[in-house]
Amino acid sequence: MGTLAQLLPIIAMFAIFYFLLIRPQQKKQKQVRQMQSEMKKGDKVVTIGGFHAKIHAIDEDTVVLINDEGSKLTYDRSAVREVVSND
């Protein structure tokens, strides 16, 4: 009984870490992967570097982005932070 009483705070601490830190991070990663897999040509996106552009072409691992001046840049699909709007 004494050993269980000593382990109970450690077990509670692991449970708190799981529900406050690990689980929310896993949910966010799942949402980002889903967003990146649902991207399509014509979507307006923002990269992790802050580049705002429209998807010109999309491949399995890469995305070709075009800005307002017509410059085309190739990025890894994972470099896209968010889809701003779907046109």
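1. Two rings of Phe, Tyr or Trp count as a pair here if their centres lie within 6.5 Å; planes under 30 degrees apart are called stacked and planes over 60 degrees apart edge-to-face. By this rule there are two aromatic pairs. The model is a predicted one.

2. One pair joins tyrosine 18 and phenylalanine 19, with 5.1 Å between the centres and 80 degrees between the planes, hence the edge-to-face label. Tyrosine 18 is partly exposed at 35% relative accessible area, while phenylalanine 19 has 52% relative accessibility and counts as exposed because the cut-off for that class is over 50%.

3. The other pair is phenylalanine 51 with tyrosine 75, stacked, at 5.9 Å centre to centre and 25 degrees between the planes. Phenylalanine 51 sits in the loop between β1 (44–47) and β2, and tyrosine 75 in strand β4 (residues 72–76); the two are 24 residues apart, and the pair links distant parts of the chain. Tyrosine 75 is partly exposed, its relative accessible area being 25%.

4. Phenylalanine 51 also belongs to the largest nonpolar core, a set of nine residues whose other members are Met35, Met39, Val45, Ala53, Ile55, Val63, Leu65 and Val80. At least two residues of this core come from β2 (52–58), and at least two from β3 (62–66).

5. Leucine 65, one of the core residues, has contacts beyond its neighbours within four places in sequence. These include Val45, Phe51, Ala53 and Ile55, and also Ser71, Leu73 and Tyr75. Both members of the stacked pair, Phe51 and Tyr75, are thus among the contacts of leucine 65.

6. Asparagine 67 is found in the loop between β3 and β4. Its relative accessibility is 18%, so asparagine 67 counts as buried, the limit being under 20%. A polar atom of the asparagine 67 side chain lies 2.9 Å from the backbone nitrogen of serine 71. Leaving out residues up to four places away in sequence, asparagine 67 touches Phe51, His52 and Ala53.

7. The strands form an open sheet of five, in the order β4-β3-β2-β1-β5, paired antiparallel. β4 and β5 (80–85) are the edge strands; each has a single partner, so one side of each has no neighbour in the sheet. Direction ignored, neighbouring strands are turned by 45 degrees against each other on average.

8. Within the sheet, β2 and β3 pair in the antiparallel sense over four bridges. Valine 63 in β3 is the bridge partner of isoleucine 58, and valine 63 is also one of the core residues named above.

Methods:
Residues numbered from 1 in each chain as written. Predicted model: local features only at pLDDT ≥ 70, side-chain atom pairs only at ≥ 80, totals over all residues. Heavy atoms only, no water. Core = buried A, V, L, I, M, F, W, Y, C linked by side-chain atoms within 4.5 Å. Buried < 20%, exposed > 50% of the residue type's maximum accessible area, 1.4 Å probe, protein only. Contact = heavy atoms within 4.5 Å. Phe/Tyr/Trp six-rings, centres within 6.5 Å; stacked < 30°, edge-to-face > 60°. Polar contact = N/O pair within 3.5 Å; in protein donor to acceptor, adjacent residues only side chain to side chain. Pairing = 2+ DSSP bridges. Axes fitted to C-alpha atoms, helices over the stretch in contact; angles between N-to-C directions.
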